[in-house]
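New to this structure? Here's a quick briefing to read alongside the model.

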Amino acid sequence: MDCASPPNGMLHDPVDSPESELIGGAIQENKAKTAKANPVTYASMHAPPFLIVPRDQDPLVPHHQSELLEAALKQAGVPVTFYTVKGAGHGGFKDPQVPN
């Protein structure tokens with residue numbers, strides 16, 4: 001995740017990152033546990049349709065992560081609507097194109 005993170009973005013590789021704390025160790029050193037925590041691992045044709053709404057200025061979740069999920073779902077044959085909220089960071093936003 002860090003290679004696609006914006007310059008002011010959160011680091012995800014360190015052992016004290018939320019992702020590393022979730023799996024009980026540094027994500028780069030625990031690839032099997034990291035894969036189990038990654039939603040992309042579970043993309044299958046049995047998934048429901050997805051609406052993915054990333055923000056292009058999100059310092060916590062790099063936009064690229066949403067692109068990876070979209071690609072995995074599409075490869076599995078899942079209908080995906082992908083809409084990027086321009087200029088928005090993490091959390092709440094107002095965009096007339098996205099229903100509340």
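What follows is a short tour, from the overall layout down to single residues.

Keep in mind that this is a predicted model. The protein contains 3 helices and 2 strands, and reading along the sequence gives you the pattern α-α-β-α-β. A good place to start looking is helix α3, at residues 63-75, and the bullets below come back to that helix several times.

**The big picture**

- Measured out along its principal axes, the C-alpha trace spans about 40 × 35 × 20 Å.
- Of the 100 residues in the protein, 28% are buried.
- Take the contacts between residues at least 6 apart in sequence: 55% of them link residues at least 24 apart.

**Helix α3 and what sits against it**

- Helix α3 is 13 residues long and stretches 19 Å from first C-alpha to last, which is close to the 18 Å expected at 1.5 Å a residue.
- Its buried residues are His63, Ser66, Leu69, Glu70, Ala72 and Leu73.
- Both strands, β1 (50-52) and β2 (80-82), are included in what covers those buried residues.
- Once you step off the end of α3, look for glycine 77, which has a positive phi of about 85°.

**The nonpolar core**

- The largest nonpolar core is made of 5 residues: Ile52, Leu69, Leu73, Val78 and Val80.
- Two of its members, Leu69 and Leu73, are also on the list of buried residues in α3.
- Val78 is worth a click: leaving out neighbours within four places in sequence, this valine is in contact with Ser44, Met45, Ala47, Pro48, Pro49, Phe50 and Leu73.
- Leu73, then, is both a contact of Val78 and a fellow member of the core.

**The largest pocket**

- The largest pocket has a volume of about 490 Å³.
- Its lining takes in 16 residues, and those nearest the centre are Met1, Thr34, Asn38, Pro39 and Gln65.
- Helices α1 (18-23), α2 (31-37) and α3 are the elements that each give two or more residues to this lining.
- Which element gives the largest share of the lining? That's α3, with 4 residues.
- Sorted by type, the lining has 9 nonpolar, 5 polar and 2 charged residues.

**Two residues from α3**

- Is glutamate 70 buried or exposed? Glutamate 70 counts as buried, because its relative accessible area is 16% and the cut-off for buried is under 20%.
- Not counting residues up to four places away in sequence, glutamate 70 touches Ile52, Val80 and Phe82. Two of those partners, Ile52 and Val80, belong to the largest nonpolar core.
- Glutamate 70 and leucine 51 are 19 residues apart in sequence, with 9.3 Å between their C-alpha atoms.
- Alanine 71 lies in α3 too, but this alanine is partly exposed, at 44% relative accessibility.
- From alanine 71 to glutamine 28 you cross 43 residues in sequence and 22 Å in space, C-alpha to C-alpha.

**Two serines, in and before α1**

- Serine 20 has its place in helix α1 and is buried, with a relative accessible area of 1%.
- Setting aside neighbours within four places in sequence, serine 20 is in contact with His12, Asp13, Pro14, Val15, Gly25, Ala26 and Ile27.
- Serine 17 is in the segment before α1 and is also buried, at 3% relative accessibility.
- Beyond four places in sequence, serine 17 touches Leu11 and His12. His12 also turns up among the contacts of serine 20.
- Isoleucine 27 is 10 residues along the chain from serine 17, and their C-alpha atoms are 8.9 Å apart.

**A histidine after β2**

- Histidine 90 is found in the segment after β2.
- With a relative accessible area of 47%, histidine 90 counts as partly exposed.
- Its contacts, not counting neighbours within four places in sequence, are Asp58, Pro59, Leu60 and Val61.
- Histidine 90 and glutamate 29 are 61 residues apart along the chain, and 27 Å separates their C-alpha atoms.

Methods: Residues numbered from 1 in each chain as written. Predicted model: local features only at pLDDT ≥ 70, side-chain atom pairs only at ≥ 80, totals over all residues. Heavy atoms only, no water. Core = buried A, V, L, I, M, F, W, Y, C linked by side-chain atoms within 4.5 Å. Buried < 20%, exposed > 50% of the residue type's maximum accessible area, 1.4 Å probe, protein only. Contact = heavy atoms within 4.5 Å. Expected span 1.5 Å × (residues − 1). 1 Å grid on protein atoms, 1.4 Å probe; cavity = no way out; pocket = protein on both sides within 12 Å on 5 of 7 lines; lining within 4 Å. Points joined across faces, edges and corners; volume = space filled by probe spheres on them. Nonpolar A, V, L, I, M, F, W, Y, C, P; charged D, E, K, R; others polar.
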